[in-house]
Structure formats: C-alpha cells, structure tokens
2 protein chains.
Amino acid sequence: MSTLSDSRFLRALACQSVDRPPLWVMRQAGRYLPEYLELRRQTPDFMTFCRTPELAMEATLQPLRRFPLDAAIIFSDILTIPDAMGTKVRFAPGEGPIIDDPANSEKRIKQLITPDVEDTLGYVAKAISATRAAMPADIPLIGFAGSPWTVACYQVEGGSSKLFFTIKKMAYDAPKLLHELLRKITAVTIDYLCMQIQAGANAIMLFDSWGGVLSPECYDAFSLPYLKTITQALKEKHPDIPVTAFSKQAHHAYSKLANIGVQGIGVDWMIDLRDVRAQVGPDVALQGNLDPAVILTTPEIVSEHAHRMLDQIASKPGYIANLGHGIDKHTPIENMHALVEAVQSHDYS
Amino acid sequence: MSTLSDSRFLRALACQSVDRPPLWVMRQAGRYLPEYLELRRQTPDFMTFCRTPELAMEATLQPLRRFPLDAAIIFSDILTIPDAMGTKVRFAPGEGPIIDDPANSEKRIKQLITPDVEDTLGYVAKAISATRAAMPADIPLIGFAGSPWTVACYQVEGGSSKLFFTIKKMAYDAPKLLHELLRKITAVTIDYLCMQIQAGANAIMLFDSWGGVLSPECYDAFSLPYLKTITQALKEKHPDIPVTAFSKQAHHAYSKLANIGVQGIGVDWMIDLRDVRAQVGPDVALQGNLDPAVILTTPEIVSEHAHRMLDQIASKPGYIANLGHGIDKHTPIENMHALVEAVQSHDYS
C-alpha cells in the first residue's frame, strides 16, 4: 500500500526524484466545478460554508474524484484569521470580501484580539482531520494561511483594493503601528498553522497574494520577515512539514524567499520559470506557473502550453506543476483534464 | 535665453550630463490640484474636457505654475484612440472608463475604423500647439499614447479589468484576430504621434500600463513588437524626438525594451532602479520610480525617500526623476514641493 512518503508532491518539495512532477491546482476546489456550485446553492453564505467542516471536507474532496491530482488543499479562506481577530468578514455577491470595520487606525489595531485558535478557528481543524481521514493515504493534504502582509491588506483596506494606498501609506508614515498589526497576525497564524498540522495537514502554503504591490524595500520590511518568522516557527515545531511561500508578482523576492527556510516557492505566470530557477539555485522546489488564462481556452491549447512549461523545468527535481494563480470559475472541466493528461504524458527525459 | 537644447529632460534622455536630474511626475496635471478640480467642475464630462484644446492646455500648464518641473505632458487620455476607432469611451463617476460596446468579437474588431487622425483627433494637435506656444521655451512638452496592447485591453474588456481574461484568452485562442486589432491600433497610433510631434510635442511617451499582466512569452508576442513598430516609425520620421516606453510591472522586459530603439524606459516602484540599470546598460535613460504611496505621507518622509532613490542612481547620466506610477488625487500639494526640493537639493557628487 502506498504511503505519504511515496507522495510525488512531498518528494518534489524535498527536491527528491519523482517519476513525473506532481500536479495540483490553486483553487482546485471551487466555482468551476458544477458539484461545488450545487453545494454552495445549499449554503450560499461563504463564511458559513467555510465554518462547516462537512462542507469544507466535501469541497476539498470533489476535485480528487474527478482528477488524479497529487495533492489536495483544504477548502477554506485566508480571511478566517482576520474574522477571528475581530475584523469581521462578509462576502457580498460579485464584490469579494468586505470588512465593514477595517483596522485602519491605531485604536482599531489595538482593539484586535489574539484569539485562541482552537476556540475560534477549530472548525478548520475539524475540516482537516475529517478530510485527512477520508483521503487516499498517499495523497497529501495542504493546509494554508495568508501571509501577514496580505492579511493586513484586507484588514486595513477593508477588502481588496486596486492600489492599497491606505496600508502602504501606513507602511511609510506609521511603520511601528503596522509592525504591531503584523506581529499580531503572525502570532495567530503560527498557532493556526500548528493546529492545522496537528489536525493532519501534511504541508503548508503561505499565500502572499499582495506581496508584489510593495517596493522591494517595503517587502523586505513588511512581508518577508513575517514569512520567515512563521516558517522558522513551523520548522522548529514541525520539522517534517514543508512550507511553500507564494509572493505573487514580487519578482525581486525569489532569492530572498529561498533563504528563509521554505521548501517551496510559488511562481506566478509573469516570469519565466528558468529565470526563477537561475535565481534560487537547485535546492528549493518551484511551483507554477501556467497562465490561468490558458486553461480558459481549449484542451489542445492547454496541452500545448502545459508541455511548453514542462519542457522549461520539469526534467530536473524540485518542480510542482500548477497554475500561476487560482483557477478561474469559467474554466471548462475538459481543460483541467487536458492539463492532467499533459503532465502524465510528457516526456521527462 | 535658454532653449530646448538646454533642457535637462532632453539631455537626460540622451544620457548627456546634467547639473541635476530632471523631474516631472506622471499625471502631474490632475486631480490633486485644486485649480484642476475647479476647472473640471465647469466641464465635468471627462472626454469633453479632453476634446477642448483650451481646457487641455490650461490643465497642462497648471502644475508648471506651481512647481519648477522640467517637463510638461499634454493633458489627454490614452483612450482618445479607441474612442476615435469606434469603441466609444465614457467615464462613469468613480468607475473609470467604460466602453459599452467592446471589441471582443471578430465582427466588432473588423468593424473598427482606422480614422484620419487630423479629422478625429485634431483636438489633441490643437491643444499641443497652443500649449507649446504658451510654455517656457526651454521646457519640453511630452506627447503620449497608450501601447497598442494596453489600448486593446480597454477595447476588448470594455474598460479596466482585474484579470484581463477576455483579451488574454484571445491571445491564446485567437492570436491572429488579436494581432489584427493590434496592427490597426498601431497604425492609428503612429499617425497620432506624428501629428502630436508636428504640432509641437518634443518627446513621446508610450504607456504600456497593462504589459505586466502578460506572461513573458505573450508580452514578446503581443506588446513588445508593437512598441517596436511605433518606436521605429517615429525614429524614421522624427529622428530627433526621443521615445520612452513604460511597461508597468513587466519586470522581464527591461533588456528587451532597451533594444527596440527607445531612449527612455519607465520603471515602476516594484523593482530596484539599480537592478534595472544592471539589466539595460548605460545607454538608455531610466525614469522613475518613487512609490506613489510615499507622496501621500508628509514632506519629511517624501524627502527621505526621494533622497534614497536619488542615491541609488542619480549620480550617473541617463536618469529622470519621477514617481513609479501616476500621482494620486489625495496627494498633498506640500509633498510635491518636498519632492521638488529634494531633487533640487540632493548632493549628486
């Protein structure tokens, strides 16, 4: 019987040899799947959906039933943490996440709580342990959190933003206050991820979705150190659990990320994987980076571009096939099949 | 009497020595100026404002009256071209530009016209000639257009977009059609910029605001060649007029841009100017790249960060001080003064 130690995903993260690169897809559980949409029709409120372990488990397992993927990622959201800290999150249809009372002042930031994660976010642990028990033994389950910088972006801006001027202004004119917020988020995130690991998560992913909006200097001050703190804390407590960090569009950051102790680095589609490999050396795994627009087209085009991506990097160890960003809700199912087929049939010699 | 040949801006673009780097600021004419807001109150419709040469001239001159800037840029918009091609543009308050009938099908793209620029966009030429006549003789006036890729983004998506999936899907599954659109825009853009130069523009800027959303491969296919075609056509017809290209957040593109014949390259705030210089060599001017969030803070912080930017690059020729993106409407006037003062007082030895 296969076990996790045979897992392509974990072997690739350790830069060990694999028969072919593992494949999973960011947001593989979600809105492009009719069975997910059906599930959501029954529980339209997104945060309620996230807070219901049976639903999170079912959504996590759905893509595994359709596609022979090499990892699952627990269905949840990076905004569970701000919600638990007192910046309550709601999802307005077609609008994305909204925090009605953002933490954009000293008073509001000081009011934020450092919650007991078992009490407030235990629903994620329950979802993970149930899902882990229901999954094939040799397929890893990925737990995740947002990076402190990215979580703070939502907390301070009150949702997503085009320019992130409120929090970026704070980075320049109230750096101590912003660091206080980031330290709070970091502490909760470490507890949260340890809870996820204890519940059964086999790998951790840190989504720094908005790391790329910072200048290199601000990234080095406000995002990278907190990614490092989390990575080091997890390494100390759970040395066998690999961590992948994904600072989207922070193209100055790859060699810095390679030096904070992560096993994997996520790569968006706006850079050539070979350039990233040249920057980070051979000892860290790279994950990505098919343009999510490719998978909106046709199976033939998906296959062509997937093979081209694999030609660039996949003959050497330390590579995990994925998109460069989350899969879009308009993705045709047959195009996911074409991606799987391309990864399975590629000539890796 | 000073003449244009003494202009710091034109000398810096030619990588000639200057007493200090020239300074201008993207969107220096606009919403952070109370006198501009007053002018707009009288003509709230943005396209009408752009189409009225007296108003465009007045808006262009306003920042020069307040600040000793080293260049002006004609007040206009990159969407004048799509408007003239038949994809009519309107600006909804608080929403940005909207094209109600986007060019997102073969039928619509084939319907687009290649207008006579004198007939349809002559208002821009009138604004330029009037402004040029009213400006100090030694201050250059910059003309501009969007890059064909960026203009096509608006035409195909029907406005701005978060993910640009409609046009990016077209890049993958209907590349010939997209190239047809880009060729049409390119032809109009060349005519349009030649008209601007004949009317008195002393330098040209190409804003490729959305070049960075493309994969490197797609950028090389759908943005770079059209920037090159325009640059080469201008070089042939107007060899003395320098061209600057700004592909925002296309951090793989600097050395490619340095090889298409431009004199200047715009740089956003998300990369270190020294890294860009190392990529492009000494023979092309760099323009940028203060984080536009910095200038929202205080004069002291603006000064500190401006000096830090100047320390990085400004002691060598071929540098133009600017922000890394357009100035925000919430920028305090005194912070613009602080930026000017920093550039004037910096120790360039």
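**Exercise 1. How many residues of chain B are in contact with chain A?**

Keep in mind that this is a predicted model. Work out the count, then break down the chain B side.

- Step 1: Call it a contact when the C-beta atoms, placed from the backbone, lie within 7 Å.
- Step 2: With that cut-off, 23 residues of chain B meet 24 residues of chain A.
- Step 3: Look for the top contributor on the chain B side: helix H9 (residues 165-173) of chain B gives the most, with 5 residues.
- Step 4: Sort that side of chain B by class, and you get 10 nonpolar, 7 polar and 6 charged residues.

**Exercise 2. Work out which symmetry relates the two chains.**

- Step 1: Lay chain B on chain A; a turn of 180° and a shift of 0.0 Å along the axis do it, with an RMSD of 0.0 Å.
- Step 2: So what you have is the relation of a two-fold axis.
- Step 3: Check the surfaces: 100% of the contact residues of chain B recur in chain A, so the same surface serves both copies.
- Step 4: Find the residue of chain B that comes closest to the rotation axis; His251(B) wins, with its C-alpha at 3.6 Å.

**Exercise 3. Trace the sheet of chain A and place its helices.**

- Step 1: Read off the order, E1-E4-E5-E6-E7-E8-E9, in an open sheet of 7 strands with parallel pairing.
- Step 2: Spot the edges, strand E1 (72-73) and strand E9 (319-323) of chain A, each pairing on one side only.
- Step 3: Add helix H10 (residues 175-199) of chain A, which packs on the sheet against E4 and E5 and makes about 170° with the direction of E4(A).
- Step 4: Zoom in on E7 and E8 of chain A, a parallel pair with 3 bridges; here Gly264(A) stands opposite Ala285(A).
- Step 5: Finish with helix H15 (residues 299-313) of chain A, lying across E8 and E9 at about 155° to E8(A).

Methods
Residues are numbered from 1 along each chain as its sequence is written. Chains are lettered from A and ligands numbered from 1 in the order in which they are written. This is a predicted model: local features need pLDDT of at least 70, side-chain atom pairs count only at pLDDT 80 or more; totals for chains, interfaces and linings use all residues. Two residues are in contact if their C-beta atoms, placed from the backbone, lie within 7 Å. Helices (H or I, at least four residues) and strands (E, at least two) are DSSP runs, numbered from the N terminus. Ala, Val, Leu, Ile, Met, Phe, Trp, Tyr, Cys and Pro count as nonpolar, Asp, Glu, Lys and Arg as charged, and the others, Gly among them, as polar. Two strands pair if DSSP finds at least two bridges between them. Axes are lines fitted to C-alpha atoms, for helices over the stretch in contact, and angles run from 0 to 180 degrees between N-to-C directions. Copies are superposed by least squares on the C-alpha atoms of residues with pLDDT of at least 70 in both.
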